[in-house]
Structures are given as C-alpha cells and as structure tokens.
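Subject: Structure for your review

Dear colleague,

Please find below the structure that I am handing over to you. I would be grateful if you could read the notes beneath with the model open beside them.

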Number of protein chains: 2
Amino acid sequence: MRLTEAVHEHRVLPGMKLSEDEVGDVFGVSRTIVRQALRAMAHEGLVTIERNRGAFVAKPSVKEAREVFEARALLEPQTARAAAERATPEDVQILEAHITEEHRALAEGKAGLALKLSGSFHIEIARIADQRTIEAFIQQLVSRSSLVIALYWQRRNALCESHAHHALLDALRRNDPDAAEDLMKGHLVDLLSQLNLRETQGSVASLREALLG
Amino acid sequence: MRLTEAVHEHRVLPGMKLSEDEVGDVFGVSRTIVRQALRAMAHEGLVTIERNRGAFVAKPSVKEAREVFEARALLEPQTARAAAERATPEDVQILEAHITEEHRALAEGKAGLALKLSGSFHIEIARIADQRTIEAFIQQLVSRSSLVIALYWQRRNALCESHAHHALLDALRRNDPDAAEDLMKGHLVDLLSQLNLRETQGSVASLREALLG
DNA sequence: ATCGCAAAAATCGTATACAATAATTGCCGG
DNA sequence: CCGGCAATTATTGTATACGATTTTTGCGAT
C-alpha cells in the first residue's frame, strides 16, 4: 500500500497521527479501507492504534529497537547462508538490479527511497533462501528498522550500506555460505552500532503535506 | 479471541470454512467485527482469505510445516538460553503452574486444551527472556504449529512433550543457559520428527457444531 | 443419463449512517 | 489572570445497506 511506502521512505515520521478521514481523503477511499490498512500496519508494528484515539506512526522505544536488531541477528545470518547455497545467476542478477537502483536513488538525493530499496535487499535474500515464513518476519523487522532509523540514526550518509550489500552479493554469487553468514552478521552489527539509542522526540509535521508533497 | 482458541484446541480443523455470517451469528456480533478478527487471524497465518470466496482455516503445506519448524529452530533455542539467564523464582512458579494445568487437561482427556497450554509454555519462555518482538513471532509459530500438528501428527499420545517441558523447566530453575538451549533444540527436533510430512486431507465437519458442542 | 448454460441464491467487498468516546473550546468563578 | 467544568466538536467503533462476484441449482438439449 502507498501509505506503507510513505512510512518506509520517511515521508511520514514516527508519532504522526494518521486520521482515518484524512488518509481516506488523500487516497480517495472510504474509511473502511483505511481502517483495514491501518490495522494491517498495526500488526506489522508500523503504527500503533489507541482505542477511541486513533492510529499513529509507531515510535519504537530504545528497548524495542534493540529487540528488532536482536531478532534480525537470529534470523538473517542463517538465512543469508541458505541463500548463498541456493542462489542462481538469475537471483544474483535481481540483487544487482536492486543495488543499482539503490545507488541511483542515492545519487538523486532520494534518501528515503534508497532506504526502502536497501531494506528490500534483505527481504530478497530471504526469498532466495526459499523461506517464506522467515521472509515475512524479516519484512516486518525491516519495516520496523526503518522506523528505528528514522528515530535513532546519527549520520546522514548511508554509504557504508552499499559496500556491505556489495560484499554480500559477491558471497552469494560465489555460493559461499560461510562468507554470506559472516557478512550478514557483521552488517547487522554495523547497522546497530550506527544508531544512537537515546531518547529523542521527532518532530511531527502535517500529514497531507508529507503525502502530497 | 474465542475463535482463535477454537482453532488452537482443534475444535475447528484446517480447511473448514469460516463464513462471516455464520461466525457472527455464533458469537452474536456483526460482520464488521468478524471481518476484523478473520483478517487478524489471516495475518498470523491461522486462516487464509480468498477474495470473494471467504475465509478458511489454514491448511499448511508440507513445505510450510517445515518452514515453521525451521524458524522455530532459529528463534527458540537462543530465546530459551536468554530465559535461563534471567528466570526468577516467580517465573519458574508460573511455568510450573502451566505444566500442572497441562497435565490436568491431559488427565481429563482434553487433548486440545493440553495442546494449547503446551504452546503457551513456549510463549511464556520468550516472555521470561524479555523479548517481546521475538515473543510475538513465536506466538505466531506456535499457532501455526498447532495447525501442522492437526494435519501431520502421527501418534495420539503427547506424553513425550511433558517430559521435555519438565527438563526445560529444570534448566531454567538452575539458571543453566547451555542446558536450556540444548534442551529446546532437542525438543523441537523431537516434535518435528513425530510429524508425518506427507500430503493428507483432513475431514471438515460443521462449524456451528464444533463451536457450540 | 449427462453435460452445459442460465437463473437464483448465497457470500463477500465497500460505502455510508449512527452511536460512543475522547478532545476542544468557551465560560464562569475564584 | 488562571483553573476547572460544561457544552460543543471531532474522531473512532460498530452496525447496516447496497453492489459485485461467486457458487449453486434447475432446466433443457444432446
């Protein structure tokens, strides 16, 4: 859904209220549909719903941020290993395209889009590993990581990322499970180390502006 | 929700149709509420929704069954380790109560209830580990495991289970992370080994009967 | 008797209307 | 001038109504 993308691309920020009427107006759909979408997003941890108060973009706590990366540390290295065992040339090609897109987005200054693509790289690896169940979990974790990054990221440059992804791609191309597992583990540690896990409160702008701008 | 419990206790079986009107009648609520619940259950993999056809209790394929246990194998041993590091006497007491209830349910011939309690034992361990994110994943996996068991279980006796849970409880009581991790790993392997992962098609009885009986 | 097609019934998807709850505003008293 | 209470406004929760799609049923032809 487009609202999910807006969250992934940091066009709507944690804490922002997602009024049912307002979202419905923006997308030209009824509240029924909006409610469905919001509840689905709540299930993935992207929004929190407070009874009789409405839906808000989730603001992961520091503890939750750590939990997300701990869960990723349990799931992704092993998944990268399995992916390296199974990766075909077609898979490698798809991942290459992903990285290319990611670079282009960065070059065009679209940091939000680049972040979203960077996340889908991880999801694609789970798909290559042929683990749909784990893939769904990783998708959730990547989504929530995006919120964590919106809240706790220190640097503004995401250059380090692309290097790690390149190295992972190489390991998959060589069908080298050990390398893939280690690289993924290191990559996650790197990501976590670049977070500033202290309390901050993000600013909340206008929803309509963020979606239409 | 009560419908979720009915699935966990094998009172409604995989493949059974969950008509919105019928479920609404049984519980005395509107279709709106039923739809919310069904969509939530679909998100957890308990039911599958086919557009314009309705919701059905999910029938995990053999591949999906394997995936569920592979995911559990990635998450639960580490979680048991963490739980063993943190377990307090109160935690141990809660788990003991769980096992007692489980035994009583078995003694009373309520196999479905015993199965549900056996699942909540695993979830409780994640709670003790203080990992809410992973806890939510394990909850999903336990739910889906219940469906897998309904479809692929061979023996009718679940006695082996209680022994494994006892041993795990001991490891937690002794705050022995290594033992907890190994025991959990072995427990999951045992569970998987008792499944007959060949295609079967379960019989589907009447919904209203199953819920009200 | 069986297959195919058409009409009827049932069921789901979406929109809208009404009720319940929370947030806001304005007023009054201190 | 400030704080608290009441009425108003806004927003969500739930039910219901209508349209779309699918499934079933019944009839007729082969």
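The notes below treat the contact between two protein chains and then the surroundings of one DNA strand.

This is a predicted model, in which local features need pLDDT of at least 70, side-chain atom pairs count only at pLDDT 80 or more, and totals for chains, interfaces and linings use all residues. Residues are numbered from 1 along each chain as its sequence is written, chains are lettered from A and ligands numbered from 1 in the order in which they are written, and side-chain values use heavy atoms, with hydrogens and water left out.

The two protein chains

Chain A and chain B each give 23 residues to their contact, where contact means heavy atoms within 4.5 Å. The size of an interface is often given as the accessible area lost when the parts come together. Here chains B and A bury about 2100 Å², 57% of it on carbon and sulfur atoms; this buried area is the accessible area (1.4 Å probe) that the two parts lose on being put together, summed over both.

Two salt bridges cross this interface, a salt bridge being a side-chain nitrogen of Lys or Arg within 4 Å of a carboxyl oxygen of Asp or Glu. One of them joins Asp130(A) to Lys63(B), with the closest N and O atoms 3.4 Å apart. On the side of chain B that touches chain A, two or more residues come from each of helix H3 (31–43), helix H4 (62–86) and helix H7 (132–152) of chain B. Helices are DSSP runs (H or I, at least four residues), numbered from the N terminus. H4(B) gives the most to this side, with eight residues.

DNA strand C

There are 15 residues around DNA strand C, and those that come nearest are Ser30(A), Thr32(A), Asn52(A), Arg53(A) and Arg35(B). A residue counts as near the strand if one of its heavy atoms lies within 4 Å of it. Of the strand atoms within 4 Å of the protein, 74% belong to sugar or phosphate and the rest to bases.

Which part of the strand does the side chain of Arg35(B) approach? An N or O atom of that side chain is 2.3 Å from a phosphate oxygen of DNA strand C. In the side chain of Arg31(B), an N or O atom is 3.1 Å from a base nitrogen of the strand. H3(A) gives the most to the surface near DNA strand C, with three residues.

Yours sincerely

How values were computed
A polar contact is a pair of N or O atoms within 3.5 Å; within protein, one must be able to donate a hydrogen and the other to accept it, and residues adjacent in sequence count only if both atoms are side-chain atoms.
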